[in-house]
Amino acid sequence: MDELNRITQEIIGGAIEVHKSIGPGCLESTYGACLAFELKERGMRFECQVALPLTYKEVVLAIGYRIDLLVEG
């Protein structure tokens, strides 16, 4: 649980830093790129726009959802 709290604190800290720097009103993609930069600066492993498959009955969607940022696995 301590590791999860550490990761969460880094993500929230990065998001606060982005918000303090550029403020409100930007596109989501702008915030995502800036947060990715912050996480990289903090030495965190992450992936952007990770495809998550979805199965509904017999229908299988290779990309049923996209995870904006998958941090530390």
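Me: What is a pocket, and how much space lies in the largest pocket?
Reply: A pocket is an open set of grid points with protein on both sides within 12 Å along at least five of seven lines. The model is predicted. In this model the space in the largest pocket comes to about 210 Å³.

Me: Which element gives the largest share of the lining of the largest pocket?
Reply: The lining residues are Glu28, Ser29, Tyr31, Gly32, Ala33, Cys48, Gln49, Asp68 and Leu69. Two or more of them come from each of helix H2 (28-41), strand E1 (46-56) and strand E2 (59-71). The largest share, five residues, is that of H2.

Me: How many residues of each class are in the lining of the largest pocket?
Reply: Tyr and Cys count as nonpolar, and Gly counts as polar. Tyr31, Gly32 and Cys48 are among the lining residues. By class, the lining holds two charged, three polar and four nonpolar residues.

Me: How many disulfides does a search of the whole structure find?
Reply: A disulfide requires two cysteine sulfur atoms within 2.5 Å. For Cys34 the closest cysteine sulfur, in Cys26, is 7.4 Å away, so the pair is too far apart for a bond. Cys48 is in no disulfide either, the nearest cysteine sulfur being that of Cys34 at 12 Å. Over the whole structure the number of disulfides is zero.

Me: Is Cys48 buried, partly exposed or exposed?
Reply: Buried means under 20% relative accessible area and exposed means over 50%. The relative accessibility of Cys48 is 45%, so Cys48 falls between these limits. Cys48 is therefore partly exposed.

Me: Is Glu38 buried or exposed?
Reply: Glu38 is a residue of helix H2. Beyond its neighbours within four places in sequence, Glu38 is in contact with Gly14, Glu17 and Val18. Its relative accessibility is 15%, and the limit for the buried class is under 20%, so Glu38 counts as buried.

Me: Which residues are linked with Glu38 in a network of salt bridges?
Reply: The structure has five salt bridges. Some of the charged residues are linked in a network, and Glu38 of helix H2 belongs to it. The residues linked with Glu38 there are Glu10 and Arg42.

Me: How many residues apart are Arg6 and Glu3 in helix H1?
Reply: The side chains of Arg6 and Glu3 form a salt bridge, with N to O at 2.8 Å. Arg6 is partly exposed at 35% relative accessible area, and Glu3 is partly exposed at 43%. Both lie in helix H1 (residues 2-22), about one turn of the helix from each other, which is a separation of three residues.

Me: Which residue forms a salt bridge with Lys20?
Reply: Lys20 is exposed, with 63% relative accessibility. The closest N and O atoms of its salt bridge are 4.0 Å apart. The two residues are separated by about one helical turn because they are three residues apart in helix H1. The partner of Lys20, partly exposed at 34% relative accessibility, is Glu17.

Me: How far apart in sequence are the parts that Glu72 and Arg45 tie together?
Reply: The side chains of Glu72 and Arg45 meet in a salt bridge of 3.2 Å, N to O. Glu72 is in the segment after E2 and Arg45 is in the loop between H2 and E1, so the pair ties together parts separated in sequence by 27 residues.

Conventions:
Residues numbered from 1 in each chain as written. Predicted model: local features only at pLDDT ≥ 70, side-chain atom pairs only at ≥ 80, totals over all residues. Heavy atoms only, no water. 1 Å grid on protein atoms, 1.4 Å probe; cavity = no way out; pocket = protein on both sides within 12 Å on 5 of 7 lines; lining within 4 Å. Points joined across faces, edges and corners; volume = space filled by probe spheres on them. Helix = DSSP H or I, 4+ residues; strand = E, 2+ residues; numbered from the N terminus. Buried < 20%, exposed > 50% of the residue type's maximum accessible area, 1.4 Å probe, protein only. Contact = heavy atoms within 4.5 Å.
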